[in-house]
Amino acid sequence: VTPTELNQVEPEIVEALADVLAKGASLSDTLQGAKSDAGYDRALLSRLAELGFFGVSGPPSHGGLGLPPALVGEFCREAGRVLLGGPWLEQLLAAHLLDAVGGWQLLTDVIGGTLLVSLPLDRSAWGRPLPVHVERGHARFVSGRIDLGFATSVDGWLVAAQDVVNETTILVQLSPDAATCRARRSWSEIWRSFDVDLTDAVGVVIAEIPEDVSDGLVAQIARLLACCSVGATEAVLESTIEFLKLREQFGRPIGSFQALQHMMANVFIDLEHTRSLVRASLVWTAAVDVDVLVAMAKVAADRLAVGAAESALQAHGGVGFTWELPVHHFLKEALRRRTLPQPSALYREELSRSVRIL
Amino acid sequence: MAIELSAARTPIVFEPESFRQQLEEWFVTALPAIWGGSAPPVRPTEADDMEMRRRFDRALYAAGWAALSWPREYGGLDADVDFERILAEESAVAGAPERYNRVGLGIVAPALINHGSAAQKERYLIPLLKADEVWCQGFSEPNAGSDLASLTTRASLVDGCWRITGQKVWTTLATVSDFCFLLARTGDPHSAHRGITAFIVPMNQPGVTIRPIRQINDSAEFSEVFFDDAETVQDPVIGEVNGGWQLAMTVLSYERSTNLLNRQTRLAVALNALRGAVAQLGDSVPASLVDDLVELWIRSEALRHTVREHLAEIGVGRAPGIGNNATKVYWSETYQALGALAVQIRGLACEQGELSDDEPDWYGYYLGSRAASIYAGTDEVQRNIIAERGLGLPRYAP
C-alpha cells in the first residue's frame with residue numbers, strides 16, 4: 001500500500017471510527033472510566049471490538065477486517081485524540097502478535113473482544129524474556145518481574161518467556177490471579193500500571209515467538225504510540241485554538257496576538273511534518289531501513305506531543321496550570337508514551353550510530 | 001498510472017518505475033555533456049553553474065521530459081505529478097544541476113496555462129521550455145516586501161498601450177532574462193490588492209535598467225530593476241486587469257509545492273554529504289554535533305514524506321493547502337540549521353581547502369541559507385497565514 005492508496009481507502013473507515021470515538025468516547029468519558037474500579041470503561045472497549053477495532057488488519061477467518069495494517073495507526077491517532085483509556089493498545093498488539101505466531105483460537109477471542117488481555121509494552125520484556133520451565137504445555141516462571149497495564153482488570157496476560165532447556169522464546173498466556181500485582185504510583189490519571197512478580201507463576205504455552213516477530217512487535221508498539229502522540233497533538237492544538245478565540249484580554253481575543261499565533265503556528269508546522277513521518281513508518285514496514293524510520297517517527301512524535309502540550313499549557317495562562325483543565329493530562333500522557341517501548345533518548349542514540357553509516 | 005510519450009517521438013508506454021530506470025540510463029549519456037566533463041564540476045562558479053543549468057533545460061526538452069505534468073498541447077506529457085518527483089529525486093542523486101528557467105517553469109508557465117490567452121500560450125510556452133527565452137518575476141519592491149499588496153509600480157494606458165514605471169527588487173535571473181512577469185498597480189493608489197494586474201514586460205529595452213545586487217554570499221543572482229516608462233509586449237495582460245493579485249497568489253501556492261520538491265531533494269543530498277564527512281571523521285566529531293545531525297536527518301526525512309503527500313494531494317486534484325506554508329517554514333529552518341551545523345563541523349576544512357568533492361562550500365551554503373527564511377514570503381508572514389487562514393485565529397486589528 002502506498003500513501004496515495006492509503007489516502008483513498010482510509011477516509012470512510014476512519015470517519016466511521018472517528019464518529020464512534022467522537023460520539024461514544026470523549027476525554028471526559030476517559031476520565032470518568034479511569035475513576036471506576038477497573039480503571040477504564042470496559043463497555044466502550046466491547047463496542048469498539050464489535051466495530052472491528054481490534055481486528056482491522058486481522059484475518060477475516062478469525063473475525064478481522066483484513067484491511068491494510070497501516071490503518072491500525074489511523075485508528076490509534078483517533079484514540080490518541082481522546083486519550084482513550086484501558087488496555088486497548090495491548091489488545092491491538094495482542095491481535096498483531098497472535099496473528100504473527102499463529103495463536104488462532106485466542107486471536108478470535110481477542111478480535112471479538114470477549115477476551116481482554118494485557119501485555120508488557122517495554123522492549124526488555126520482549127528482547128530479554130524471563131526464564132521458564134516447560135512441561136506438558138505449561139510454563140513455570142523461574143523468577144522475574146514485568147510491568148503490566150491494567151493487570152488486575154483484564155481477563156489474561158500475554159508474556160514472552162524463554163524455555164531454559166532449549167532456549168527458544170515462547171508466548172505464555174497467564175490468568176490475572178497467576179501472580180501478585182503491586183500497583184505503581186503514577187502521575188497519570190488514565191493509565192494504571194502494575195509491577196508483577198512472576199516468580200513461580202504458571203501459564204499456558206501458546207506458540208514459539210521467532211526473533212523477527214518480537215522485534216516487529218516492539219517496532220509496532222513504537223509506531224502505534226507515535227500515532228497516539230499525533231492524535232493527541234491534533235486535539236490539544238484544536239482545543240487551544242478554541243480557547244484563544246474566546247479568551248479576551250486588552251479588549252480583544254488573545255488569539256489575535258502574534259506571539260500566540262506564532263506559537264500555535266509552530267505546533268501546527270511540527271504536527272504536519274511529524275504526522276507524515278509517522279504515517280510513512282506505518283506504510284513502509286518492509287523497508288530496509290525500517291528500524292531507522294521507526295526510531296525517527298518515535299523521536300519526532302514524542303517531542304511533538306510533549307512540546308505541543310507545553311505550548312498549550314503556556315497559551316492557556318494560569319488556568320492551564322490547574323487540574324480542572326485537561327491540558328495536564330495531555331502533557332502527562334505524552335511523557336508516559338515517551339518512555340515506551342524504550343526511552344526516546346535510546347532511539348536517539350541508535351540514530352546517532354546510524355547517521356554515521358551511509 | 002501508465003502514460004504514453006508524445007507523438008513526435010517513438011510512442012512508448014511507461015510507468016513510474018520504468019521511468020526511473022530510463023532516467024538513470026539517460027543521465028549516463030546526457031550528464032557529461034551537461035557538466036562539460038566526465039564528472040560534475042567540484043563547487044562550480046556561478047557562471048559555470050548557470051551554463052550547466054541552461055544545458056540541462058535544453059537536454060531535458062530534447063528528451064521530451066521538460067514538462068512531465070503539463071498538458072500535452074503545451075509541450076507536456078500530461079503525466080502524474082509523481083513523475084516530477086522521480087525526475088527531481090533522480091536529478092539530485094545523479095548530480096544534475098538545478099533547472100535554469102526555474103521562475104518561468106514554476107510561476108510564469110502555470111500562470112499562462114491557467115489564466116493566459118490562447119495567443120499567449122502559443123507564443124511563450126515552448127520557448128520557455130526550451131530555455132530559449134528566460135523569465136524573471138517582478139513582485140517585490142523596496143517598500144513592498146512582506147506587504148506586497150502595497151506595491152506602487154504603475155502601469156498606465158498610453159495610446160492603447162500599457163507602459164510601466166517603478167522599481168522592483170530581489171529579481172532573480174534579471175540579468176539574463178528576456179521577459180519579466182510583473183505585478184503593477186492599475187487601480188488607484190489605495191486600491192491595495194484589488195488594483196493589481198499581471199503583465200509581460202520585455203527586459204531588453206531602453207526603459208529597463210538592471211543593477212545586480214551583491215549578496216552576503218558574494219552571489220549576484222538578484223537584481224534591482226528600474227522601469228522608466230517601459231514598454232510592454234503586445235497583449236501584455238495575463239488574466240484580467242486588476243485581477244493580478246488572486247492570480248499571483250494561486251500560482252505561488254502551486255509553485256511552492258513543486259519548488260519544495262526540488263528544495264527537499266537538494267537538502268537531502270547536502271545532508272548526505274555532511275553525513276559522509278562525519279562518517280570519515282569518526283569519533284573526532286563531538287557527540288553533541290552528531291546529535292544535532294540526527295535532528296536534521298529526522299527533519300529531512302519528515303520533509304521528504306510530507307512533500308510526497310502534498311504531491312499526492314495535487315495529483316488527485318486537490319489544491320495545495322496551508323500545509324505548504326508550513327513546509328516552507330520547516331524546510332527553511334532545516335536548511336539553515338544544516339548550513340550552521342556544517343560550518344561547525346567542516347569550517348576549518350572549508351578554509352583549508354580540504355573538503356571532499358561531493359561537499360559544497362559550506363560557508364557559501366550557510367550564508368545562502370540565510371535568505372531562505374526571507375524569500376518567497378518570510379517565515380513570519382507564513383506563520384501569520386497559518387495562524388489566521390489555516391487555524392482560524394482572529395486577525396490582529398490595532
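A cavity, as the word is used for these views, is a set of grid points where a 1.4 Å probe fits but cannot get out; a residue lines the cavity if an atom of that residue is within 4 Å of a point. The model shown is predicted.

**Figure 1. The second largest cavity is lined by residues of chain A.**
The volume is about 80 Å³. The lining consists of Asp29(A), Thr30(A), Gly33(A), Ala34(A), Gly39(A), Tyr40(A), Asp41(A), Leu44(A), Leu45(A), Leu84(A), Gly85(A) and Gly86(A). Two elements of chain A give two or more residues each: helix H2 (27-35) and helix H3 (42-50). H2(A) provides the largest share, 4 residues. By class, the lining of this second largest cavity splits into 5 nonpolar, 5 polar and 2 charged residues.

**Figure 2. The largest cavity has a volume of about 180 Å³.**
The whole structure holds 4 cavities of 30 Å³ or more. In the largest, 18 residues form the lining. Closest to the centre are Leu84(A), Trp88(A), Cys228(A), Glu333(A) and Arg336(A). Leu84(A) is also listed in the lining of the second largest cavity. Four helices of chain A each supply at least two lining residues of the largest cavity: H4 (70-81), H5 (88-101), H8 (211-246) and H11 (327-338). The lining of the largest cavity counts 11 nonpolar, 3 polar and 4 charged residues.

**Figure 3. The second largest pocket encloses about 1,000 Å³ of space.**
Its lining has 48 residues. Nearest the centre lie His96(A), Asp215(A), Gly216(A), Leu217(A) and Ala219(A). Several helices of chain A give two or more residues to this lining, among them H6 (104-112), H7 (123-127), H10 (290-316) and H12 (344-354). H4, H5, H8 and H9 of chain A are on that list as well. H8(A) gives the most, with 12 residues. By class, the pocket lining divides into 29 nonpolar, 10 polar and 9 charged residues.

**Figure 4. Chain B meets chain A across an interface that buries about 3,700 Å².**
Of this buried area, 65% is on carbon and sulfur atoms. On the chain B side, 46 residues are in contact; on the chain A side, 42. Between the chains, 17 residue pairs are in polar contact, both residues at pLDDT 80 or more. Helices H6 (244-281), H7 (287-315), H8 (323-351) and H10 (379-390) of chain B each give two or more residues to the side that touches chain A. H7(B) makes the largest contribution to that side, 17 residues. The chain B side is made up of 24 nonpolar, 10 polar and 12 charged residues.

**Figure 5. Salt bridges cross the interface of chain B and chain A.**
Side chains of opposite charge can pair when their charged atoms come close. Across this interface, 3 salt bridges are found. Over all chains, the search of the whole structure finds 42. One of the interface pairs is Arg348(A) with Glu295(B), whose closest N and O atoms are 2.1 Å apart. Arg279(A) and Glu309(B) form a salt bridge too, at 3.1 Å from N to O. Arg279(A) sits in helix H9 (residues 258-283) of chain A and Glu309(B) in helix H7 of chain B, so this pair joins two chains.

Notes. Residues numbered from 1 in each chain as written. Chains lettered and ligands numbered in written order. Predicted model: local features only at pLDDT ≥ 70, side-chain atom pairs only at ≥ 80, totals over all residues. Heavy atoms only, no water. Contact = heavy atoms within 4.5 Å. Buried area = accessible area lost by both parts, 1.4 Å probe. Salt bridge = Lys/Arg side-chain N within 4 Å of Asp/Glu carboxyl O. Polar contact = N/O pair within 3.5 Å; in protein donor to acceptor, adjacent residues only side chain to side chain. Nonpolar A, V, L, I, M, F, W, Y, C, P; charged D, E, K, R; others polar. 1 Å grid on protein atoms, 1.4 Å probe; cavity = no way out; pocket = protein on both sides within 12 Å on 5 of 7 lines; lining within 4 Å. Points joined across faces, edges and corners; volume = space filled by probe spheres on them.
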